[in-house]
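Me: I'd like to learn how to read a fold feature by feature. Could you walk me through this one?

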Amino acid sequence: QLQLVESGGGLVQSGESLRLSCVVSVDTAGYSDRSWAIGWFRQAPGKEREGVSCISDSGHATNYADSVKGRFTISRDNNKNEVYLQMNNLKPEDTAVYYCAGVDEDAGSTWYLFGGYDYWGQGTQVTVSS
């Protein structure tokens, strides 16, 4: 099992920044040997969940939704088992619950296209006021 816990959400004004953190832990023997891609997703009220950004286990490959390119940056520190989402120049339309999720990137998933994520955190609320 992969466990993910998000933090860092809050209420900010338009144009401000937030950094979300996702702590990743493995609680099943054998899972720590796998390569875990981590993605950030968000879901606004009344809307479907959408992929925001994702990063490979090594950190060398990343992808972003068009709506956040140039404003959001994903990174990870595997020594700390943490994945971050730096969100700059936030807009009211970024308001949503943000989730981090994990998937074994060697298991044939389309993780790079935000597909196949098996393990999910509980979410953290981000609210951007105009």
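Me: Let's start with the pockets. What volume does the largest pocket have?

Reply: Keep in mind throughout that this is a predicted model. The largest pocket comes to about 210 Å³.

Me: Which residues lie nearest the centre of the largest pocket?

Reply: Those are Val24, Val26, Trp36, Arg76 and Asn81, out of a lining of 14 residues. The elements that give two or more residues to that lining are β3 (18–26), β7 (72–77) and β8 (82–87). The most comes from β3, with three residues. By character, the lining divides into five nonpolar, four polar and five charged residues.

Me: Those strands make me curious about the sheet. What is the order of the strands in the open sheet?

Reply: To read a sheet, we follow the pairing from strand to strand. Here four strands form an open sheet in the order β1-β3-β8-β7, and the pairing is antiparallel. β1 (2–7) and β7 are the edge strands, each with a single partner, so one side of each has no neighbour in the sheet. From one strand to the next, the twist averages 20°.

Me: How many bridges pair β7 with β8?

Reply: Six, in the antiparallel sense. To find the register, look at one pair: threonine 73 has glutamine 86 of β8 as its bridge partner.

Me: What is found in the loop between β7 and β8?

Reply: Asparagine 81 is one residue there. When you read backbone angles, a positive phi outside glycine is a thing to look for. Asparagine 81 has one, at about 55°. With a relative accessibility of 44%, asparagine 81 counts as partly exposed, because the buried class ends at 20% and the exposed class begins over 50%. You have already met asparagine 81 among the residues nearest the centre of the largest pocket.

Me: Which residue in the loop between β8 and β9 should I look at next?

Reply: Look at asparagine 89. Its phi is near 50°, again a positive value in a residue other than glycine. Asparagine 89 is partly exposed, with a relative accessible area of 42%.

Me: Now the cysteines. How many disulfides does the structure hold?

Reply: It holds one. For a disulfide, check the sulfur distance, then the angle about the bond, then where the two ends sit. Cysteine 22 and cysteine 100 are the pair, with sulfur atoms 2.1 Å apart. The angle about the S-S bond is 70°, which goes with a right-handed link. Cysteine 22 is in strand β3 and cysteine 100 in strand β9 (residues 96–104), so the pair links distant parts of the chain, 78 residues apart. Both cysteines of this pair are buried.

Me: Why does cysteine 54 form no bond with cysteine 100?

Reply: The sulfur of cysteine 54 is 13 Å from that of cysteine 100, the closest cysteine sulfur, and this is too far for a bond. Cysteine 54 has 0% relative accessibility and counts as buried.

Me: Is strand β4 mostly covered or uncovered?

Reply: Mostly covered: β4 (residues 36–43) has seven of its eight residues buried. To see what surrounds a strand in its sheet, list its partners. β4 pairs with β9 in the antiparallel sense over eight bridges, and phenylalanine 41 has tyrosine 99 of β9 as its bridge partner. β4 also pairs with strand β5 (residues 50–55), antiparallel over five bridges. In that pairing, arginine 42 stands opposite glutamate 50.

Me: What do β4 and β5 form together?

Reply: They form a hairpin with six residues between the strands, and glycine 46 in the turn has a positive phi of about 80°.

Me: Last one: which residues make up the covered face of strand β11?

Reply: A strand can show two faces, so try reading alternate residues. In β11 (residues 124–129), Thr124, Val126 and Val128 make up the covered face, while Gln125, Thr127 and Ser129 make up the uncovered one. For its partners, four bridges join β11 to strand β2 (residues 10–13) in the parallel sense, with glycine 10 bridged to valine 126. Three bridges join β9 to β11, and these two strands run antiparallel. There, valine 97 stands opposite glutamine 125.

Conventions:
Residues are numbered from 1 along each chain as its sequence is written. This is a predicted model: local features need pLDDT of at least 70, side-chain atom pairs count only at pLDDT 80 or more; totals for chains, interfaces and linings use all residues. Side-chain values use heavy atoms; hydrogens and water are left out. On a 1 Å grid over the protein atoms alone, a cavity is a set of points where a 1.4 Å probe fits but cannot get out, and a pocket is an open set with protein on both sides within 12 Å along at least five of seven lines; lining residues have an atom within 4 Å of a point. Grid points are joined across faces, edges and corners, and a volume is the space filled by probe spheres set on the points. Ala, Val, Leu, Ile, Met, Phe, Trp, Tyr, Cys and Pro count as nonpolar, Asp, Glu, Lys and Arg as charged, and the others, Gly among them, as polar. Two strands pair if DSSP finds at least two bridges between them. Axes are lines fitted to C-alpha atoms, for helices over the stretch in contact, and angles run from 0 to 180 degrees between N-to-C directions. A disulfide is a pair of cysteine sulfur atoms within 2.5 Å. Buried means under 20% relative accessible area, exposed over 50%, partly exposed in between (1.4 Å probe, protein chains only).
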